[in-house]
Amino acid sequence: MTFVTISDFIPIVPELILVLTALLVLLVDLVGTQTGYKMTSPLLAIGGLCVAVFAEIQLFGGNRVGFFDTIVADQYSILFEIIYMVTGIITITISWHYIAENNMNFREYYVLMLFSIVGMMLMTSSLDLLMIFIGLEIMSISSYIMVGMMRRVVTANEAALKYLLLGAFSTGFLLYGISLIYGATGSTQLPAIIEHLQQAGAFENPLVGFGLALLIIGVGFKVAIVPFHMWTPDVYTGAPTPVAAFMSAAVKAAGFAILIRIFLTGIPHAERWDNMMWVIAILTMTVGNVMALRQNNIKRMLAYSSIAHAGYVMVAVVVGSEAAITSIIYYSFAYALMGMGAFGVLSIRSNGKTIETYEDLAGYAHAGPTEQVAAVLMSTFMLSLLGLPLTAGFIGKFQIFYAALDEGWFWLTVIAAMNSVISLFYYLRVIVFMYMKERIGAQQEKESQTSVSSLFAITGLLATAAGIVYLGIFPNDFVQLAQLSVTAISF
Amino acid sequence: MDMLDFFPSSILQAADTSWQTVTIAQRASSAFRDHDLSGTIGYLLLGLLFTAGLLTVLGLVLIYAERKLAGHFQCRLGPMRVGWHGILQSAADGLKLLLKEDIVPENADKLLHLGAPVLSLMATVLTLAILPLSPTLQVVDLNIGVIYVTAVTSLGVLAILIAGWSSNNKWSLLGAMRAGAQIISYELSATLSLLVMVLLSGSLQLSEIIQSQSDGWWIWKSHLVGVIAFVTFLISTTAELNRTPFDLPEGESELTGGFHTEYSGLRFAFFFLAEFVNMFVASALIVTLFFGGWMPFYIGGWDGFNSIMGLIPPGIWFAGKSAFFIFLLMWFRWTFPRLRIDQLMSLEWKILLPVGFINIFLAALIVLFEWHF
Amino acid sequence: MLLTFYILGTVSVLSALGVLVCRSPVYSAMSLVCSFFCLGGIYILMNVEFVAVIQILVYAGAILVLFLFVIMLLNIVPTGESVRFNLPVLIAFGIAVGLFAQISGLFLGDIQFGPKDVYTAEAISEEGSIGLIGRLLYGEFVLPFEAISILLLVAVIGAVIIGKRRLN
């Protein structure tokens, strides 16, 4: 009988750091004073995340394995884990003032966010479907709770219930898929499964195809690709804005991370149901963009736009070459930054009023000093989401289209480009409303106040915007990292 | 080290005779293997008859004992009329219940209302089958005995909930809810104590747990963990039996009769019987886990004493030990006042459960480092 | 053995159907209990008594009791009206039937099961299911096993947040 040794724990040191931080935050909450919104919990959480990022950087390139070869700390998982943690840090910066303003006084919020990231990290670094499932559940259950934290708000309750029910339903698909794959291949470990699937005739077994399809459905719910996207608009609209930001960025990145791990690292290309997948990709892009065009609520618009962006990533999944996987990693990071940024600006109240519709944005850029900065930031994020040069969004789309053309997916690329054009309308509309419309009822407004807490958020958002511009102008460093990580997973 | 060496050899000496467990089910299957059809059927019938007989006898004896003890605790005589010192009282009561009209309330859910008492009794009878009353008096000896007992007794909760709900009566429903909450809560610490004993004896099989005590009962051998486990188990099992001081589910002053308010006749008798037999099951489990089951009481070095003790058959030992704990449970009933619901819940969740967790941790340490005797 | 399996399987499927068909939620819950019992029986046929008993202990003994609790506390009364067949319901029904036919078609086709793991029924009965499960949980699968504790902690936090009475 084999036992775990201390060296097995080295690949999961970042996870362990985060778990300890989360427990510490929980205890601090218990011991600390009950009044006021102390900075302790968020700062502690950010500190833990920074230490964990540092630990990941130390692990980078080591390719350590542990726990009977089921946990790997290869470049691929480390890069994705850093993406989750950066997302987490930004989310915390935009959460603090939101929690205070919306009376969402649960400091377990930070604990749940940390645990959710731990779930994603376990899921990404695991090669065992069982562990992937448990990681996915840790991530999902934390996010169900975070969505429903504003207990007094009806829409938040609706969102939480919808997300919980559909999420549980999709978990059922995932688990059924895993069990069928286990039945067909006799293993839950990905290397063994893929080895089995590479044998000739493995796909003639109906169990395999059915199992893989169920896996895709299960993950598809999490990343919200089109037939499984119904929950997204309601949940993102009803959820606390920082949580929506976190979900659209980190949860989706994690979903794509395991989709790549399961689907693109060894299953023969002929068996990837290209016909079905490109239909899904096109549907996801088009439905996302067209529906986003029709929205008046900005959070809803951003929800549909996140579906559209998942569609672009699906194009890369269809292509499946190494360049395509590189572009998925890049795009996940870029989208994490810009999506978070857009939601983050929405989380800042303007004159004590939450921004919900386009009308609320009218004259935003001239409302006060905070708003002026926020408007510039929002414009950056919108232009990046749109895919304008000099932003990360441009490089991301460029890489995806290039990889697709390289493999001969001409029409798919054309449709994706057309979709980008559609998105022009609704992204620019935000900027137009901010800068060119007059504020309604401007005379009744109080003096604009800038609180310390929203300064915290602005700082975070500035860093995010800087990241986007940096990634847009000097993409090479990150692209090289992404390429390195792709070589780590290609079998 | 001296103490450690001193204890087992002086007080707790190994039993001279090693007992071989032969269950009725084993006899039946060996007869089946020998193509002895009549033997197989005979042993199977014996198993059934044994369980049924045990159920009846326990019902009659325990109800009589409870009434008699209640009487004497309250300086009364208890039943005196039927037979010598009322010894036939429970038989007469049983007869009365059999003949009484079985009333089902008008708006009750008929099917569930009729089914609940059967389920309740079924849960009890299923546990009777695996209790090792003596090396040869055990119907089946499952290798997952301890968990089986927990699983099957937990079905009793279902029966109570259904009985309360289907009666369509507020008091019944309230009683059932209280019982359900209480049993579910206390089941946790009861199971934790069971697990401590499983850790110590290294088996889930009841007969093996008894065998592991051939050199001394666990209550002596296991330092403090066994004692803590015993106390926790005693408290939580009393709560699971819904007996005073935990009898809120049927607190007469508030809920008339709790979940069985609307039951009458034979179906009431079923609940009644299940309750009393459950008391025996609980005592038997305590005896099996902590007090050596059917093992005789030996004192190391006292050979004469030991040989006299060894003369008493194991079945009697088991019955005697169980009778003691049944007496203890009845004694509780007439000694302690009833708890309030919040006291009940905080006792479990704030005291017993943490204690249980620490205890199981200590037990694991003791087993790991082989500190027990 | 095979006959027992078929009996248990049939009853289990029928009672699972009963969960859907029964109009009273209490009856649905009881059907679920019945279904779990049959599953427990099937586990026993596979020599994994431990899983069987845990199945009954956890599902019938704990989870179903909580179900019944909720049903009884909320006092959900059967509405008395049957499912109305409007268009969405019909479409959903059609899709479900189609999917079911598709899946059963798959299973009637030539299915090959993968290489058997080392844990066959014989191996289990030799070693005892508890020993094997314990060995796997604390050996090969120790990390998932421990990760579940995080999952449970998260769920507990969630329950506290949802159930907390005072919101300040």
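Helices and strands here are DSSP runs, with at least four residues for a helix (H or I) and at least two for a strand (E), numbered from the N terminus. Keep in mind that every view below shows a predicted model.

**View 1. Chain A, taken as a whole.** By that count, chain A comes out with 18 helices and 2 strands. Its radius of gyration is 22 Å, and the globule rule gives 23 Å for 491 residues, so chain A is as compact as a globular protein of that length. If you want to frame the picture, the C-alpha atoms of chain A fit a box of roughly 75 × 55 × 40 Å along the principal axes. Of the 491 residues in chain A, 59% are buried. Look at contacts in chain A with a separation of 6 or more, and 80% of them link residues 24 or more positions apart.

**View 2. Helix α9 of chain A and its surroundings.** Is this helix mostly covered or mostly exposed? Mostly covered: 7 of the 8 residues of α9(A) are buried. Those buried residues are A:Trp231, A:Thr232, A:Pro233, A:Val235, A:Tyr236, A:Thr237 and A:Gly238. And what do they pack against? In chain A, the buried residues of α9(A) sit against α5 (129-147), α6 (154-185), α10 (241-263) and α12.

**View 3. Zooming in on α9 against α12 in chain A.** Two packed helices are described by the angle between their axes and the distance between the axes. Here helix α9 (residues 231-238) of chain A meets helix α12 (residues 298-319) of chain A at about 135°, and the axes are 8 Å apart. That angle makes α9(A) oblique to α12(A), because oblique is the class left over once angles under 35 degrees, over 145 and from 65 to 115 are taken out. As for handedness, α9(A) passes α12(A) in a right-handed crossing. On the α9(A) side, the contact uses A:Thr232, A:Pro233, A:Tyr236 and A:Thr237. Facing them from α12(A) are A:Lys299, A:Arg300, A:Leu302, A:Ala303, A:Tyr304, A:Ser306 and A:Ile307. Sorted by class, the contact of α9(A) with α12(A) has 6 nonpolar, 3 polar and 2 charged residues.

**View 4. Chain C, on its own.** Chain C has 7 helices and 0 strands, so its elements read α-α-α-α-α-α-α from the N terminus on. How does its radius of gyration sit beside that of a compact globule of 168 residues? Chain C has 21 Å, whereas such a globule would have a value near 15 Å. The C-alpha trace of chain C spans about 55 × 55 × 25 Å along its principal axes. Buried residues account for 22% of the 168 in chain C. Among contacts in chain C with a separation of 6 or more, 55% come from residues 24 or more positions apart.

**View 5. Where chain C touches chain A.** Which chains share the most contacts? Among the 2 pairs of chains that touch, that is chains A and C. Chain C puts 28 residues into the contact, and chain A puts in 37 residues. On the side of chain C that touches chain A, helix α7 (residues 142-163) of chain C gives the most, with 13 residues. That side of chain C divides into 18 nonpolar, 6 polar and 4 charged residues.

**View 6. The gap between chains A and B.** No contact joins chain A and chain B. Their closest C-alpha atoms lie 16 Å apart.

Technical notes:
Residues numbered from 1 in each chain as written. Chains lettered and ligands numbered in written order. Predicted model: local features only at pLDDT ≥ 70, side-chain atom pairs only at ≥ 80, totals over all residues. Contact = placed C-beta atoms within 7 Å. Nonpolar A, V, L, I, M, F, W, Y, C, P; charged D, E, K, R; others polar. Rg over C-alpha atoms; globule rule 2.2 N^0.38 Å. Buried ≥ 20, exposed ≤ 12 C-beta atoms within 10 Å, placed from the backbone. Axes fitted to C-alpha atoms, helices over the stretch in contact; angles between N-to-C directions. Left-handed = near helix turned anticlockwise from the far one by under 90°.
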